[in-house]
Amino acid sequence: MRRLFLRIFLAFWAAMAVVAVVLVVSSPYFTRSHPGLDRWQRGAEQVLQERLAAGAEHLQRRGWPRRGENRWGEGGWGGPAASGGRTWPFVSRFLLSADGQQVAGPEAPREVVAFARRVASAGEQVSGRDGVLVMAGQPVSAPDGSRLILVVAARMPPRPVDLLEPGALWWRLGLMALLVGALCLWLAHGLAAPLGALRGTVRRLAGGDLTARAGPSLTRRRDEVGELAREFDAMAGRLEALVAAQRRLVRDVSHELRSPLARLAVALELARQKGGAPVAEALGRIEREAARLEELIAQLLTLSRLEATEAPPSREPVAMDQLLRQVAEDAAFEAASRSVQVVVEGAPAVVMGDAELLRRAVDNVVRNAIAFTPSGTRLDVRLTAEDEEVVVRVRDAGEGVPEPMLGAIFEPFVRVESARERRGGGAGLGLAIAAQAVRLHGGSIAAANSPGGGLEVTIRLPAHSA
């Protein structure tokens, strides 16, 4: 997964880089316009001017401090100030001479000294900012007539929220969301689209289409998805070859067995003519087993032919109600020997397909039900029309089938244990032939145990609207 991992990593890294670039470029920290900072500074200047006026009033009312004194009694130099719902800590007062010499208050930073000299030069109240210090100062006259500078300073960087400009923030956030969304959409589509296509191919293969392949659009990719598609095509090719070889083997063996069986039938007839009564019973047994083997080979050839076919041999309107009655009449002889009653119910319904193939499918299901329903019971065959489908339900009164075997009974040579114990149990090909015939007509076949007992086989075929 190296290349796919690298692709995901680089895509997400690029998305984060875009976010970072947009944030940096659009941030008020790095633009020439500082509307938020200007607002913050105006608020700070207002607080400092208030503290400056309070300091000047303090000097006039409570006297001048001695040189080097840090505090002026109650109220002093420090303490937080509040304005506009916000507290301004670290506000300090400084008293300096016109040339910047310390007179009173805490030790003045060099920024305050430089600012005091600027106020002295201006000769009036001045506000300004130097680094993290926001300052306000004005000249004052001492009792001895000397000129001093009163400076109030606050050391407090602005909060990030103070620097944001709502008017410019929303469109920047919108643009950033669009850029990141487009990049992530491209990434998601690039990863999900090929996997979705491969998933559809897997479903086709699981549905029985052994020719399903990922296609060149996926196999030409140079990442892990392309490797997976190539491995899938190789696997599908091997499966198709194995299934084709299996079908070819069954077909060839069945054809090869027919000739020895034909010669065996001739040999049995000659032996019966020459052997007379003493060997007649043994020869009859051999003949019955040969006939059973002949029937098995015929079923194998039918199944092999149906598996290799993609469409019915012919397509014509088939009256399913008439077909069911014909099948019931043919099966009535076998059912009568076991005292089983075959009952057919349903309104007229028509499907498009091969009549003989459909008759064989229904006949196999009905005969299978007769073989496994107890003597003296009833076999129900119902025909209904549901949502543009013709539905045939065959329900017996037998023991049913174990739940794990319900889907497997339509596979070749699969029989439940109770069927294996019966003397007349077949080879397990009748339902497999029925399933293939229904598949060729675009329908489905399923089995379920009835709540009242017995097995119900449901055949669904597309209805034909004449």
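**Exercise 1. Work out whether E334 is buried or exposed, or in between, and find its salt-bridge partner.**

Start with the area: E334 has a relative accessible area of 30%, so it is partly exposed (buried is under 20%, exposed over 50%, partly exposed in between, with a 1.4 Å probe and protein chains only). A quick note before going on: this is a predicted model, where local features need pLDDT of at least 70 and side-chain atom pairs count only at pLDDT 80 or more, while totals for chains, interfaces and linings use all residues. Residues are numbered from 1 along each chain as its sequence is written, and side-chain values use heavy atoms, leaving out hydrogens and water.

Next, the partner: the E334 side chain meets that of R367 in a salt bridge, 2.7 Å from N to O (a side-chain nitrogen of Lys or Arg within 4 Å of a carboxyl oxygen of Asp or Glu). The pair links distant parts of the chain, with E334 in helix α8 (residues 320-336) and R367 in helix α9, 33 residues apart. Helices here are DSSP runs of H or I with at least four residues, strands are runs of E with at least two, and both are numbered from the N terminus.

**Exercise 2. Find which residue forms a salt bridge with R367 at 2.9 Å, and say how the two sit in helix α9.**

Look at D363: its closest N and O atoms with R367 are 2.9 Å apart. D363 and R367 are four residues apart in α9, so about one helical turn separates them. Now check the cover: D363 is buried at 9% relative accessible area, whereas R367 is partly exposed at 29%.

**Exercise 3. Explain why helix α11 is largely enclosed, then describe how α9 packs on α11.**

First, count: 10 of the 11 residues of α11 (residues 430-440) are buried, so the rest of the structure largely encloses this helix. Among the buried ones are G430, L431, Q436 and L440.

Then the geometry: α9 (residues 355-372) and α11 pack at about 145°, their axes 8 Å apart. Axes are lines fitted to C-alpha atoms, for helices over the stretch in contact, and angles run from 0 to 180 degrees between N-to-C directions.

Now the contacts (heavy atoms within 4.5 Å): the α9 side includes L357, R360 and N368, and the α11 side includes I433, A437 and V438.

Finally, step off the end of the helix: just after α11, G442 takes a positive phi of about 75°.
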